[in-house]
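The following exercises introduce a protein structure through its strands, sheets and helices. Each task is followed by a solution that proceeds step by step.

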Amino acid sequence: MNISVLMGGTSSERDVSLASGLRVAEALRAKGHEVTTVDTARGALPREEERAMLAASAVQKEPPSQEELDRMKADTLRQLQAILPLVQDADVVFLTLHGGYGEDGTVQAFLDMAGVPYTGSGHLASALAMDKDLSKHLFRREGVSTAEWMMVERAEGASTEVMQQAIATLGLPLIVKPSKQGSTVGLSVVKEPSALEPAIREAFRYDDEVMLERFIAGRELTVGVLGGEALPVGEIIPKHEIYDYECKYTAGMAEEVFPADLTAGEREAVQGQALKAFRALKLRGCARIDFRMSEDGAFFCLEANTLPGMTGTSLIPQAAAAAGMDFPTFCDRVARLALEGRS
């Protein structure tokens with residue numbers, strides 16, 4: 001197949017996307033496909049530049065600065081127009097974009113209008129999954145358990161009334177995070193009332209809505225879904241208190257166990273919840289659904305990732321490996337699902 005891999009972009013997850021895209025491109029070439037790599041912020045990447053980036057590729061401990069991303073965003077529309085000729089002749093576009101315009105349905109709508117098949121979910125499902133508030137409402141409607149939460153809009157800010165209500169309703173510790181971000185960018189665990197206001201301010205750096213969520217103590221689990229079927233469950237044991245940006249993308253900062261040490265009943269229960277979440281958001285292709293398992297054995301869905309990471313430390317390739325698929329085979333399967341138009 002002739003495949004265009006879209007990567008990079010202008011979100012805070014740009015580094016992760018580049019690392020994912022370069023790795024996917026090499027895997028697809030290993031399966032005999034003709035691959036073109038395209039950074040949506042800069043255009044097509046020559047093979048020489050690819051090789052140089054691969055040799056030096058490493059996701060930094062912190063996401064790119066907002067100033068750097070803002071400079072790139074100024075050219076986003078021009079670049080989207082420029083990449084259209086690069087993808088129109090592709091049999092399929094393999095999306096490895098994360099966050100921002102890449103994962104929120106914007107690029108997907110652009111490709112829909114161009115009539116180009118692409119991996120992952122459609123533009124509406126992508127937008128729903130990116131919005132953590134809307135996702136939670138749809139999860140609950142379909143019987144998927146999720147932690148209690150409340151939303152704060154920028155106009156409200158970190159007012160005394162909002163903070164008092166959050167602590168009274170959700171208790172401490174609680175999670176503060178941007179509503180439409182990934183890779184735990186802008187996320188804080190608040191244990192003391194005095195830490196709540198700065199945590200909300202930090203989250204507002206990345207979004208105009210902030211979610212305050214009850215903290216669920218327990219085990220961190222993840223379930224990949226491929227073509228409507230659940231992959232083996234994984235458990236993440238981070239070096240930090242939470243599975244944050246550094247733990248996700250720095251080798252050795254987290255232990256990932258595939259398959260997770262669960263009873264057959266626990267495994268079936270969390271996989272069933274993952275499939276319900278997948279259907280609730282009308283997802284398709286490949287996605288990853290994250291959970292917390294409380295100390296009493298209850299599962300709480302955290303979020304759905306419509307374009308999960310494909311880096312050397314990412315979870316979905318490990319889940320595929322546990323199911324017997326090497327990385328090139330897995331990437332080939334994802335690409336073919338896009339052509340088949342299967343859920």
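**Exercise 1.** How many bridges join strand S1 (residues 2-7) to strand S2 (residues 34-39), and do the two run parallel or antiparallel?

*Solution.* The model is a predicted one. Step one: S1 and S2 are joined by 6 bridges, and the two strands run parallel. Step two: one pair of opposite residues is Met7 and Asp39, the latter in S2. Step three: between S1 and S2 the chain passes through helix H1 (residues 14-30), and this β-α-β crossover is right-handed.

**Exercise 2.** State how S2 continues into strand S3 (residues 43-44) and how these two strands pair.

*Solution.* Step one: S2 and S3 form a hairpin, with 3 residues between them. Step two: the two strands run antiparallel and are joined by 2 bridges. Step three: Asp39 has Gly43 in S3 as its bridge partner. Asp39 also stands opposite Met7.

**Exercise 3.** Determine the strand order of the open sheet of 4 strands, and explain which strands stand at its edges.

*Solution.* Step one: the order is S5-S8-S6-S7, with antiparallel pairing. Step two: strand S5 (149-153) and strand S7 (188-190) each have a single partner strand, so they stand at the edges and one side of each lacks a neighbour in the sheet. Step three: neighbouring strands of this sheet are turned against each other by 25° on average, direction ignored. Step four: S5 is joined to strand S8 (residues 209-214) by 5 bridges, and Met150 stands opposite Leu212 in S8.

**Exercise 4.** Which strands does helix H8 (residues 132-141) lie across, and which does helix H10 (residues 196-204) lie across?

*Solution.* Step one: H8 lies across S5, strand S6 (174-178) and S8, and runs at about 150° to S5. Step two: H10 lies across S5, S6, S7 and S8, and runs at about 25° to S6.

**Exercise 5.** Describe the open sheet of 5 strands and the helix H12 that lies across strands of it.

*Solution.* Step one: the strand order is S11-S10-S9-S12-S13, and the pairing is antiparallel. Step two: strand S11 (254-257) and strand S13 (299-305) are the edge strands; each has a single partner strand, so one side of each is left without a neighbour in the sheet. Step three: from one strand to the next, the twist averages 25°. Step four: strand S12 (residues 286-294) pairs with S13 over 6 bridges in the antiparallel sense, and Ile289 has Ala304 in S13 as its bridge partner. Step five: H12 lies across strand S9 (218-226), strand S10 (229-238), S12 and S13, at about 110° to S10.

**Exercise 6.** Where in the protein is confidence lowest, and where is it highest?

*Solution.* Step one: the protein averages a pLDDT of 88, and 88% of the residues score at least 70. Step two: confidence is lowest in helix H3 (residues 66-73), with a mean of 61, and highest in helix H12 (residues 264-280), at 98. Step three: where pLDDT is low, predicted coordinates should not be read in detail.

**Exercise 7.** Summarise the protein as a whole: its helices and strands, its burial and its contacts.

*Solution.* Step one: the protein has 14 helices and 13 strands. Step two: of its 343 residues, 56% are buried. Step three: among contacts with a separation of 6 or more, 69% are between residues 24 or more positions apart. Step four: the protein exposes about 14300 Å², of which carbon and sulfur atoms supply 49%.

Terms used. Residues numbered from 1 in each chain as written. Predicted model: local features only at pLDDT ≥ 70, side-chain atom pairs only at ≥ 80, totals over all residues. Heavy atoms only, no water. pLDDT = per-residue confidence, 0-100. Buried < 20%, exposed > 50% of the residue type's maximum accessible area, 1.4 Å probe, protein only. Contact = heavy atoms within 4.5 Å. Areas by Shrake-Rupley, 256 points an atom, 1.4 Å probe, with all protein chains shown as cover. Pairing = 2+ DSSP bridges. Axes fitted to C-alpha atoms, helices over the stretch in contact; angles between N-to-C directions. Right-handed = clockwise from strand over helix to strand, strands pointing away.
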